[in-house]
Amino acid sequence: MTTFSYTAEEAHQLDAADPLANFVDRFYRRENIQYMDGNSLGLLSKDAEAATIEALEQWKHYAVDGWGHPDTDWLHMPERLGAMTAELIGAKPEECVVTGQTTVNLHALLATFYPREGRPRLLADTANFPSDLYALANHVTLHSANPDGLSLISPRSDGWIYEEDVMERLSEDVSLLLLPSVWYQSGQLASIPRLTEAAHAKGILVCFDLAHSIGVVPHHLHEDGVDLAVWCNYKYLNGGPGTIGGLFVHERHHGTAPLLSGWFGSDKARQFEMSIPMVPAHSASAWQISTPSIIAAAAVQAGLSLTLEAGLSQLRAKSLQLTDYLMTLLDEKIIRTTGEGQLGTPRQPSRRGGHVAFYHPEAAALSRALRANQVIPDYRPPNTLRFAPVPMYTRFIDVWKTVDTLYRLLSTRAYESFRDSNDLVS
Ligand SMILES: Cc1ncc(COP(=O)(O)O)c(C=O)c1O
């Protein structure tokens, strides 16, 4: 672990030594605001803005011809963006496609890969994002009257999911194990290779939700043998609010018929034959359903380009440095000094993603008070503040100011006047 002196000067020195410093000004950062919520919604980059304007110009100029014109080729945009994404998650280009949304993509994959012969169960954990669990519960209901068909692993008292707890629930009646790569509350990072190997040993397919790791943690999904994955592009990839997501299907499953089909999943060379039945693509493309929004895809493309330009290993290195700095400041300036709060994220670099959880019984009031003091955290009831120092656009001085503001609010008890506010807490 690095030793820090906790001064603002030191934060400025860390910024001066940052090889990614030039990327910060390529984003719209509100002046004097410490934005620590990029794991909920990433910021707009100037590149994404320009790409969106360019897409509007293309629409203006080409209209319907944009789908097939060689200058635009909108028809193959989901695959082009899939190939860019493949570099970030360690996949083959044909294993990845940019389409749908996280939950919708999960539905599409579950419809195809669940249930499997003699395996009525789905296995997941209660610390996963609820939308995923809603989808799993639906598929169990669709296929059986047994409400116990969805088995859920609970986190231990520290809020973390332990691999041994997952492993002991891997049984021969489970079709598929769904886990997040990074848990959205605690920031814990899953060991994808170990969990995949253990599940496969019991014949269980594995699906990861990469929403909280894509663009900030490198993955090797193909090599690790992961079967399926879903994600969004609006967090660390800065693709815009509610923009198109993505999915991964390992090549060993290509050729399996998608069971929630739409014409965009067709073999591209034959899509306009409009044949009945559909001829699905022999790649992850087959799990597309509907026509993608090309305007939205333009910003996703810009976000992916920026990430590839910065380099994922550099981004991960800076992210680990930022989260180490943040956790050390929280420990030294808050927890040890005020005796309040608790870190919720593992300290081990191999065990944490890009954000840090800080538990405090007054987290709701603190979240409002921070916002009133130019810091945008993320609040998750009942007691979690999450801080995401996104490496692409966060400076060390932003982290320093965030913790300094939190310290002032706690040591003066200024947050108490924010207790009873009816404001929407985010
Ligand atoms: C881990 C995770 N899964 C799923 C979702 C839901 O995503 P969507 O609304 O794009 O389906 C989110 C949203 O933030 C998430 O964080």
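Here is a short walk through the two domains of this predicted model and one helix pair within it.

Let's start with the overall division. Domain 1 is made of two stretches of the chain, 8–31 and 311–411, while domain 2 covers 50–310. If you place a centre on the C-alpha atoms of each domain, the two centres lie 29 Å apart.

Next, have a look at where the domains meet. On the domain 1 side, 30 residues are in contact, and they face 26 residues of domain 2. Together the two domains bury about 2300 Å², with 57% of that area on carbon and sulfur atoms. Three residues stand out on the domain 1 side: Leu312, Arg351 and His355 supply 26% of the area that this domain buries against domain 2, more than any other three residues. Arg351 also deserves a second look, as its side chain meets that of Glu163 in a salt bridge, at 3.0 Å from N to O. Between domain 1 and domain 2, the count of salt bridges is two.

Now turn to the helices α1 (residues 8–16) and α13 (residues 396–411). Their axes are 7 Å apart and make an angle of about 155°. Angles over 145 degrees count as roughly antiparallel, so that is how α1 and α13 run relative to each other. In the contact itself, α1 brings Ala8, Ala11, His12, Leu14 and Asp15, and α13 answers with Phe396, Ile397 and Trp400. By character, the residues of this contact are six nonpolar, one polar and one charged.

Technical notes. Residues numbered from 1 in each chain as written. Predicted model: local features only at pLDDT ≥ 70, side-chain atom pairs only at ≥ 80, totals over all residues. Heavy atoms only, no water. Axes fitted to C-alpha atoms, helices over the stretch in contact; angles between N-to-C directions. Helix = DSSP H or I, 4+ residues; strand = E, 2+ residues; numbered from the N terminus. Parallel < 35°, antiparallel > 145°, perpendicular 65-115°, else oblique. Contact = heavy atoms within 4.5 Å. Nonpolar A, V, L, I, M, F, W, Y, C, P; charged D, E, K, R; others polar. Domains from an automatic or database assignment. Buried area = accessible area lost by both parts, 1.4 Å probe. Salt bridge = Lys/Arg side-chain N within 4 Å of Asp/Glu carboxyl O.
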